[in-house]
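Student: I should like to understand how the descriptive terms applied to a model follow from its values. Could we work through them one at a time?

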Amino acid sequence: MSSFELLPGAPESPVLLHVPHSARAIPKDVRGGIVLDDAALERELDHITDAHTAELAERAAGLAAVTPWRLVNRLSRLVVDPERFPDEREEMTAVGMGAVYTRTTHRSELRPADTHPGPLLERYFRPYARAMTEAVAQRLAAAGRAVIIDVHSYPTQPLPYELHGTGPRPPVCLGTDPFHTPPELTDAARKAFADCGGIGLDSPFAGTYVPLEFYGTDARVTALMVEIRRDTYMAEPGGPAGPGLQRLAGALAGLVDAV
């Protein structure tokens, strides 16, 4: 069974909703390499998982006038984080949270520091990267452009692993890229989320995800990261969703329709 799923949208839609961090599943053999006991692992999953974001994207897709495509990671980011650089370009490696994490959100040991990332990268990271690249290429072929909307959430209070956690933490943070995020995409998001409690740019999380084949070179691929502060739609750290989820789904659908 694949560790991710590409859910089809309308053939003519350029929009790809990307949901990389919503799952909690960890294969048994991968679990064996994690040093936390079961209770500590559950607590870590509460903190690190972007809970309910797959449901948020699913609801938004159902509300949109033109159904977007969705690529959803079905495994926890504690297996691999598909949005990290797999090499020295990744700044989160400094806190043990590169493509294969060795430290937790509270900077304690998750895996031994000498864990070799190669096997997990080959088994999970690279197939995911290929799938995302192919999904974007398909949107380019079908629609002449691709719009990646990265769907995330983040905690109300900063966690120790955050490198840039001292800045503003608005209800909705829009992560941008100087090449792939044109002003009209940011403006569309501001309008779509205007009634969701406040919007900020690139704080506490900045940037957005574009497959490396297109990154910095293909302006037909535009991208925006949407980070939702968790207290606006769920009980933290890992509790159930509340009524705010439907409001946010409507806003995300509005963004999909606008672009």
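**Terms and their grounds**

Tutor: Let us begin with two helices of this predicted model. Helix H3 (residues 53-63) packs against helix H6 (residues 244-258) with the axes 8 Å apart and at an angle of about 55°.

Student: Why is H3 called oblique to H6?

Tutor: Angles under 35 degrees count as roughly parallel, 65 to 115 as roughly perpendicular and over 145 as roughly antiparallel, and the rest are oblique. The angle between H3 and H6 is about 55°, which makes H3 oblique to H6. Their crossing is right-handed.

Student: Which residues make the contact of H3 with H6?

Tutor: H3 contributes Glu55, Leu56, Ala57, Arg59, Ala60 and Leu63. From H6 come Leu245, Gln246, Leu248, Ala249, Gly250, Leu252 and Ala253. By class, this contact has 9 nonpolar, 2 polar and 2 charged residues.

Student: What makes Gly250 of H6 count as polar or nonpolar?

Tutor: Gly is placed among the polar residues by the classification used.

Student: How do the classes fall in the contact of H5 with H6?

Tutor: The contact of H5 with H6 has 7 nonpolar, 1 polar and no charged residues. Leu185, Ala188, Ala189 and Ala192 in H5 meet Ala251, Gly254, Leu255 and Ala258 in H6. The axes of helix H5 (residues 183-192) and H6 come within 8 Å and cross at roughly 145°, and this crossing is right-handed.

Student: What makes Phe4 and Tyr128 an aromatic pair, and why is the pair called edge-to-face?

Tutor: Rings pair if their centres lie within 6.5 Å, and planes over 60 degrees apart count as edge-to-face. For Phe4 and Tyr128 the values are 5.4 Å centre to centre and 75° between the planes; the pair therefore meets both criteria. Phe4 lies in strand E1 and Tyr128 in helix H4, so the pair ties together parts that are 124 residues apart in sequence.

Student: How do you know which strands are at the edges of the sheet?

Tutor: The open sheet of 7 strands has mixed pairing and the order E1-E3-E2-E4-E7-E5-E6. Strand E1 (4-7) and strand E6 (199-201) each pair on one side only, and these are the edge strands. From one strand to the next, the twist averages 20°.

Student: In which sense do E4 and E7 pair?

Tutor: Strand E4 (residues 146-154) and strand E7 (residues 221-229) pair in the parallel sense, over 9 bridges. Arg229 in E7 is the bridge partner of Tyr154.

Student: Why would the direction of H6 be called roughly antiparallel to that of E4?

Tutor: H6 lies across E2, E4 and E7 and runs at about 160° to E4. Angles over 145 degrees count as roughly antiparallel, so the term applies.

Technical notes:
Residues numbered from 1 in each chain as written. Predicted model: local features only at pLDDT ≥ 70, side-chain atom pairs only at ≥ 80, totals over all residues. Heavy atoms only, no water. Pairing = 2+ DSSP bridges. Helix = DSSP H or I, 4+ residues; strand = E, 2+ residues; numbered from the N terminus. Axes fitted to C-alpha atoms, helices over the stretch in contact; angles between N-to-C directions. Contact = heavy atoms within 4.5 Å. Left-handed = near helix turned anticlockwise from the far one by under 90°. Phe/Tyr/Trp six-rings, centres within 6.5 Å; stacked < 30°, edge-to-face > 60°.
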